[in-house]
Structures are given as structure tokens and as C-alpha cells.
Amino acid sequence: MAGHEIPEPKDRKPLADPGSEPRTVDEARHACDPAFRHGVVVGFDGSTSSERALAYAIGMAGRSGSGLIIVHVANRLPTTVWAGCEPPVFVDVPDHRTEVLGLELACADYLSEVPWVLVERGGDICHELEEVGREYAADAIVVGSTHGIVGRIFGSVAGRLARRAQRPVVVIP
């Protein structure tokens with residue numbers, strides 16, 4: 001109705017501080033919960049080796065009194081697979097596995113011992129684990145070892161991460 005104004009509820013909180021400067025997407029992405037600063041980052045994809053890494057990381061976070069940052073790196077495929085063009089461009093493939101992993105982790109009794117957060121990323125596993133470790137100023141990154149022919153041909157995530165990481169990497173067999 002023209003000329004009629006609906007009053008705002010008195011208990012409504014503002015969504016943003018009107019005097020604050022807007023942040024870019026990169027600045028917003030790098031903001032993390034201070035409760036998890038200096039925590040333990042663990043790569044998790046639901047495999048047996050990542051479950052062992054998660055169990056170790058839970059104990060490590062519990063002993064140090066810090067939080068646990070569980071990272072799942074979603075699939076990304078080069079568009080050259082479909083288009084046959086150069087240079088390769090990466091496309092995010094919907095990965096519902098993160099949602100399933102999140103639900104499984106939320107129902108897990110063994111995670112009640114430490115505060116934890118699940119972070120989803122897309123891209124190169126090594127790069128993303130190190131990036132999350134940097135964002136949270138993690139004390140360590142825990143990963144499971146890779147067994148099989150793929151790890152021998154392309155190099156394991158654990159080996160590549162241990163060579164390039166700027167913080168301690170713990171590899172769980």
C-alpha cells in the first residue's frame with residue numbers, strides 16, 4: 001500500500017554493521033573461527049586411511065586442547081575432458097559426498113571429545129590442505145597414506161604435501 005510503512009521488529013538485529021567496509025570474497029573466505037586457530041587439520045574422504053588419520057587427529061587435538069579442522073576436497077575435473085580445448089579450465093563437479101560425510105561425522109560419538117568443523121574445498125588436495133592450514137594457523141596437518149598403483153605412479157598426497165607444506169605433516173599408515 002502506498003504511503004504505509006511496516007515497522008521493523010524491535011528485537012531484529014542488523015545483518016551488517018552500517019559503518020563497516022564491505023569485504024571482498026577472498027577476505028571473507030579467509031576469516032575463520034578463532035576457536036579453531038592453531039588447531040589440527042586433517043584430510044578426510046571417508047576412506048580407511050583417512051579414517052585412521054581422523055582417529056589420530058582427534059587424539060592429537062584432544063591432547064593439545066585445540067580444535068579439529070576436517071577438510072574434504074571435492075572433485076574438480078578439467079573441462080578439456082569434454083571440450084577438447086586448451087588451456088585446461090577446471091569445473092566444480094557437484095559432490096554430495098561432503099554432505100554425507102558431514103552427516104556421518106555429526107552422528108559420530110568419537111567426535112564429541114573435541115570441537116570440530118568440516119571445511120569443503122575444491123581443487124588440488126595438497127594445495128587446499130596447506131591453504132586451510134595457513135588460514136587457521138594450524139599446528140599440524142594429518143593425512144592418511146596412499147596405498148596402491150595410483151599413488152606410486154602420480155605420487156601420494158602425503159608425500160607431495162610433506163615436501164611442500166610450511167607446517168608439520170603427520171602421515172598415518
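This is a stop-by-stop tour of one chain, with a selection to make at each step.

**Start: the whole chain**

The model is predicted. Display the full chain as a cartoon. The chain holds 7 helices and 7 strands. Trace the elements from the N terminus, and they run α-β-α-β-β-α-β-α-β-α-β-α-α-β. Now colour by burial. Of the 173 residues, 34% count as buried. Switch on a molecular surface. The accessible surface of the chain is about 11,200 Å². Carbon and sulfur atoms own 57% of that area. Next, think about contacts along the sequence. Take the contacts in the chain with a separation of 6 or more: residues 24 or more positions apart account for 71% of them.

**Stop 1: the loop before E1**

Select His-38. His-38 sits in the loop between helix H1 (25–30) and strand E1 (40–43). Check its backbone: phi is near 65 degrees, a positive value in a residue other than glycine. Most residues other than glycine have a negative phi. Is His-38 buried, partly exposed or exposed? His-38 counts as partly exposed, because its relative accessibility is 44%.

**Stop 2: helix H2**

Select residues 48–64, which form helix H2. Two residues here make a useful pair of picks.

Pick Ser-50 in helix H2. Ser-50 is buried, with a relative accessible area of 4%. Show what surrounds Ser-50. Beyond residues up to four places away in sequence, Ser-50 touches Gly-43, Phe-44 and Asp-45. Now draw a C-alpha to C-alpha distance from Ser-50 to Thr-146. The two are 96 residues apart in sequence but 9.4 Å apart in space.

Move to Glu-51, also found in helix H2. Glu-51 counts as partly exposed, at 44% relative accessibility. With neighbours within four places in sequence set aside, Glu-51 is in contact with Phe-44 and Gly-46. Draw a second distance, from Glu-51 to Val-143. The sequence gap is 92 residues, and the C-alpha to C-alpha distance is 9.4 Å.

**Stop 3: helix H5**

Select residues 125–135 for helix H5. Colour H5 by accessibility. How many of the 11 residues of H5 are buried? The count is 8, and H5 is mostly covered. The buried residues are Cys-126, Glu-128, Leu-129, Glu-130, Glu-131, Val-132, Gly-133 and Glu-135.

Zoom in on Cys-126, in helix H5. At 0% relative accessibility, Cys-126 counts as buried. Draw a distance from Cys-126 to Val-73. They are 53 residues apart in sequence and 9.4 Å apart in space, C-alpha to C-alpha.

Keep Val-73 on screen and pick Glu-128, which also has its place in helix H5. Glu-128 is buried, with a relative accessible area of 7%. From Glu-128 to Val-73 the C-alpha to C-alpha distance is 7.3 Å, across 55 residues of sequence.

**Stop 4: H5 against H7**

Add residues 157–164, helix H7, to the selection. Two packed helices are described by the angle between their axes and the distance between the axes. The axes of H5 and H7 come within 9 Å and cross at roughly 50 degrees. Therefore H5 is oblique to H7. The crossing of H5 past H7 is right-handed.

Which residues make the contact? From H5, show Ile-125, Cys-126, His-127, Leu-129 and Glu-130. From H7, show Val-157, Arg-160, Leu-161 and Arg-164. Colour the contact by residue class. The contact of H5 with H7 divides into 5 nonpolar, 1 polar and 3 charged residues.

Return to Cys-126 for its partners. Apart from neighbours within four places in sequence, Cys-126 is in contact with Val-157, Arg-160, Leu-161 and Arg-164.

**Last stop: the loop after H5**

Select Ala-137, in the loop between H5 and strand E6 (140–144). Check phi again. Ala-137 has a positive phi of about 50 degrees although it is not a glycine. Is Ala-137 buried or exposed? Ala-137 counts as buried, because its relative accessibility is 17%, and the cut-off for buried is under 20%. Put His-38 back on screen beside Ala-137 to finish: His-38 carries a positive phi near 65 degrees, and Ala-137 one of about 50 degrees.

Notes. Residues numbered from 1 in each chain as written. Predicted model: local features only at pLDDT ≥ 70, side-chain atom pairs only at ≥ 80, totals over all residues. Heavy atoms only, no water. Axes fitted to C-alpha atoms, helices over the stretch in contact; angles between N-to-C directions. Helix = DSSP H or I, 4+ residues; strand = E, 2+ residues; numbered from the N terminus. Parallel < 35°, antiparallel > 145°, perpendicular 65-115°, else oblique. Left-handed = near helix turned anticlockwise from the far one by under 90°. Contact = heavy atoms within 4.5 Å. Nonpolar A, V, L, I, M, F, W, Y, C, P; charged D, E, K, R; others polar. Buried < 20%, exposed > 50% of the residue type's maximum accessible area, 1.4 Å probe, protein only. Areas by Shrake-Rupley, 256 points an atom, 1.4 Å probe, with all protein chains shown as cover.
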